[in-house]
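Work through these exercises with the model open beside you. Try each task before you read its solution.

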Amino acid sequence: MDRSRGAGAFAVALGAALLIAGCSSSGDGKDGGEEKGAVAGITQRPAKTAPFWVNPDSTAARQVAALEQAGEDADAARVRRIAEQPVAEWISPDNPEAQARGFTEAAARADRTALLVLYNIPHRDCGQYSQGGAADGDAYRAFVDAVARGIGDRPATVVLEPDAVLHLVDGCTPEEFHEERYDLLGGAVDTLGALENTKVYLDAGNAGWGDPDQIHDPLKRAGVDRADGFAVNVSNFYSTEDSLAYGKRLSAKVGGKHFVIDTSRNGNGPYTEGDPAERWCNPPGRALGETPTTRTADPLADAYLWVKRPGESDGECKGGPRAGQWWQSYALRLASGS
């Protein structure tokens, strides 16, 4: 079971968000024109297949530039496979309004949709590598309100709280926090869903953790009926085929809701060796999956997305740095599928 949930969350600093907010497109963005401030010539993908914003100043883009400057062209080309794709921006608690505004304004200028992740629920990750979250319910509501103000009427797709519902089901989150969490998730769905051009997908686990029968009722209690749908395989490695099957079975339990799939690192499927409790954490031999697109293999699947940021550590396991930090050697292995 994945307990990391990509706490790549906090790789996004407020300063970067404000820098991005100052970028502007060299054209209307529709043809992938290079943006001012772009690093290593990173541009937008074709809007017809990948309408989500590529951050031209991402950590991966900066790594490409550094590798090219050092003459390490082969490695630069591998990391470019990550840098040139639209990858989710995980909003941190540090001035979330400015972050959300910066990302959505930059995306709107490029005629694209910002892909955001909220990962700040109180008692997050049950004390694992990505533990933390808002101090209490009021702090979380203020965080969501700030994000909503930052998004405004600009296009955004939000993946809401990886693991938050799953950990209510698997016993990881103590019972005393369950009612508050349902209330907070439902409130976040309502607040973000009320925005004119924002779509909200509530995280719903992955194909390997259990059965849809275990999570469909908790998802409803968390507000999935009022969301645009749910997300599967966030920060995990299950194949797109298995994730589609899981999503379709779960959709049938929650009124035919649509879903999105995180394909960022599922190119070789899940890791099956070592300690089962940590197979999700920086597993070796994984690969990048299908690139982000709205052209999927099933009409119920709205998009394949890169929600987890490839190249960022799952946590301090298997030689990795702290969760969310860039890990160059792992990024290179992902990009080469080895």
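**Exercise 1. Locate Thr113, decide whether it is buried or exposed, and list its contacts.**

Step 1. Thr113 sits in the loop between helix 4 (96-109) and strand 2 (114-118). Helices (H or I, at least four residues) and strands (E, at least two) are DSSP runs, numbered from the N terminus. The model is predicted: local features need pLDDT of at least 70, side-chain atom pairs count only at pLDDT 80 or more, and totals for chains, interfaces and linings use all residues. Residues are numbered from 1 along each chain as its sequence is written, and side-chain values use heavy atoms, with hydrogens and water left out.

Step 2. Buried means under 20% relative accessible area, exposed over 50%, and partly exposed in between (1.4 Å probe, protein chains only). Thr113 has 17% relative accessibility, so it counts as buried.

Step 3. Contact means heavy atoms within 4.5 Å. Leave aside neighbours within four places in sequence: Thr113 then touches Pro51, Phe52, Trp53, Ala107, Pro155, Ala156 and Thr157.

**Exercise 2. Check the span of helix 5, then describe its ends and its packing.**

Step 1. The expected span of a helix is 1.5 Å times one less than its number of residues. Helix 5 (residues 137-151) has 15 residues, so it should span 21 Å; its end C-alpha atoms are 21 Å apart, which agrees.

Step 2. Asp136 caps the N-terminal end: one of its side-chain oxygens lies 3.2 Å from the backbone nitrogen of Asp138. After the helix comes Gly152, with a positive phi near 60°.

Step 3. The buried residues of helix 5 include Tyr140, Phe143, Val144, Val147 and Ile151. Its buried residues pack against strand 1 (89-91), helix 4, strand 2, strand 3 (156-160), helix 7 (178-193) and strand 4 (198-203).

**Exercise 3. Which residues touch the most other members of the largest nonpolar core?**

Step 1. A nonpolar core is a set of buried Ala, Val, Leu, Ile, Met, Phe, Trp, Tyr and Cys residues joined through side-chain atoms within 4.5 Å.

Step 2. The largest core has 51 residues; Leu118, Tyr140, Ile151, Leu160 and Leu192 touch the most other members. Another core lies apart from it, with 23 residues, among them Val54, Val79, Ile82 and Ala331.

Step 3. Now take Leu118. Beyond its neighbours within four places in sequence, its contacts include Ile91, Phe143, Val158 and Leu192.

**Exercise 4. Find the disulfide and describe strand 7.**

Step 1. A disulfide is a pair of cysteine sulfur atoms within 2.5 Å. This rule gives one disulfide. Cys281 is joined to Cys317, S to S 1.8 Å. The two cysteines are 36 residues apart, Cys281 in the loop between strand 6 (258-262) and strand 7 (301-305), Cys317 in the loop between strand 7 and helix 10 (328-336).

Step 2. The link is left-handed, with -95° about the S-S bond. Both Cys281 and Cys317 are buried.

Step 3. Four of the five residues of strand 7 are buried, so the strand is largely enclosed by the rest of the structure.

**Exercise 5. Compare the settings of Asn95 and Asn233.**

Step 1. Most residues other than glycine have a negative phi. Asn95 has a positive phi of about 55°, and the phi of Asn233 is positive too, near 70°.

Step 2. Asn95 lies in the loop between strand 1 and helix 4. Asn233 lies in the loop between strand 5 (229-232) and helix 9 (240-253).

Step 3. Asn95 is partly exposed at 40% relative accessible area, whereas Asn233 is buried at 0%.

Conventions: Polar contact = N/O pair within 3.5 Å; in protein donor to acceptor, adjacent residues only side chain to side chain.
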